[in-house]
Amino acid sequence: LRAPATMAEEPRTPLVEAGATADDGDSGSAEGGVDAEPELHKAGWLWKLGKGGVSWKKRWVELSLERRAFAYKVDPTSAAIDVVGLREVGCSAVRDPYFGGTTMMTQFKVESEGRTWHFRVTEERGDSTVSEWILAFQQVIGREIGEPAQRVVVATAFKDRAALSVVKEPRCAPATGQVRVRMIMASVSQLDQAILDKAVSLNGVSVPFVPGAGLVGVVDAIGPGTWTGVEVDTIVAALPLVGGFSEYMLLPAAQVVPVPDRVDAGKIACLTVEYVAAWQMMHRVVQVREGNRILIHGAAGSIGQALIALCKLVPGHSPVTVYGTAGAGQHDALKAMGVTPLDYVGDWAAALHAACPEGVDFVFDGIGGDHYKRSLAVLKKGGHLVGYALHQGGGARAKLGGMLSSKKSHTYNIANAARAHFDHYAADLLTLMKLVQTAKIDPPVDHVYPMRNFAAALLGLQTRGRMGKVLLCRDNEAALAAAEA
């Protein structure tokens, strides 16, 4: 952390200790202004925003607790490009909004003596996070800066559950047009798994990021000059797609949906992803009517159970007949729900043809790929296939070729649907919340995990035989303190 004696390519600022003057210089000897190389408090690679705010350059950054200063270089062995004393300083995280949600913070800025430096973490595994850099600056400055910390689940790599961990990061204040929501319950869904595995690609989401597609929480702060229609302490639901596995989250004020009074937050969290998806497939993608016969693949899954529950609410004198594929261990539970179970391991198509030789009106297929052809074959003439497989790529229509002459196929993705028509999402979620409020539907909850046990929550999605929703909640402070001890 020393400015060179000679200035070569870029102007450099000499390191001046507190109370000293620029005339003290930096001779690099024991007799000069710097007695020895100061011990580094923190050092690492960061991206630095260049002049004009156009391009980012990778720089080696060093923090000195002894000198209360930071320096940045081209590489660890080169001379400092600039050395900045940290006296009147501010250091804050910068969070980039992404559709109703946010990725993990990757940027922060340092302000000192009228100058501002913007930095971005390298996003390479093993490198420091924004929170770690801000904490280091706080320690150098000698006081806390910015908002208090919060815990979040962060993914530092795709397709690697070992790259998930709980970390602390600053709790940002909401800007104009935003609200800050304190999480009560977060949905843990196959959509989260698909995003973590990059089976679903969302524009603007790269590692590191905070997963969590749906949540219910309490508005605890509103950005200045923001008209929201909600007040502080209002319970709201949202579909951020990413960012929900955090204690506090910034959301666009226009993309939170108030929750009716006297409704369990866990039940509402069940609605945010699977139930809205089921409702929209049944009522916006196709129109399921009384007397229809439908086949649900993966009927014991969260979306399958939601489709079954909503089929019972279809008005009319003739009920909807539901067939569902599932493992043998889940057949009794499906029978209790009024479903005719089919063993997905065996020849389910033959079994369905024996029970319903004329074919079904609708097939809801969350498997995708070549499975679509088998689903199409059990449809009656004029029937509809709704494919909602998260990994279906180009969609069912591209895979079915000329087989669509007398039958119709549709693809559905809740992320795309909500981005295109958030007003539809909000209206459908509100409809479902009223159905919960009036006890017309009762989404089952299998288990609620504290945030520190997020790995068990994700594993719970893959456990066969479960017939309920997996949720994540904030850590109990006393339990967390005991676990850390």
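Which residue forms a salt bridge with Glu62? I shall answer that in a moment, after one remark on the model: the structure before you is predicted.

The partner of Glu62 is Lys73, and their closest N and O atoms lie 3.3 Å apart. This pair links distant parts of the chain, with Glu62 in strand 2 (residues 56-64) and Lys73 in strand 3 (residues 69-73), eleven residues apart. Glu62 and Lys73 are both buried.

Let me turn to a second pair. Asp220 and Arg180 meet through their side chains in a salt bridge, at 3.0 Å from N to O. Here too distant parts of the chain are linked: Asp220 belongs to strand 13 (residues 214-222) and Arg180 to strand 12 (residues 178-188), with their positions 40 residues apart in numbering. Arg180 has a relative accessible area of 9% and is therefore buried, the cut-off being under 20%.

The third pair is that of Lys380 and Asp361, whose closest N and O atoms are 2.7 Å apart in a salt bridge. Lys380 lies in strand 21 (residues 379-387) and Asp361 in strand 20 (residues 360-365), 19 residues apart, so that distant parts of the chain are again linked. How do these two partners stand in accessibility, buried or partly exposed? Lys380, with a relative accessible area of 32%, is partly exposed, whereas Asp361, at 11%, counts as buried.

Finally, I come to a network. Arg151, Glu247, Arg452 and Asp475 are joined into one network by salt bridges that share partners. Across the whole structure, the search finds twelve salt bridges.

Notes
Residues numbered from 1 in each chain as written. Predicted model: local features only at pLDDT ≥ 70, side-chain atom pairs only at ≥ 80, totals over all residues. Heavy atoms only, no water. Salt bridge = Lys/Arg side-chain N within 4 Å of Asp/Glu carboxyl O. Helix = DSSP H or I, 4+ residues; strand = E, 2+ residues; numbered from the N terminus. Buried < 20%, exposed > 50% of the residue type's maximum accessible area, 1.4 Å probe, protein only.
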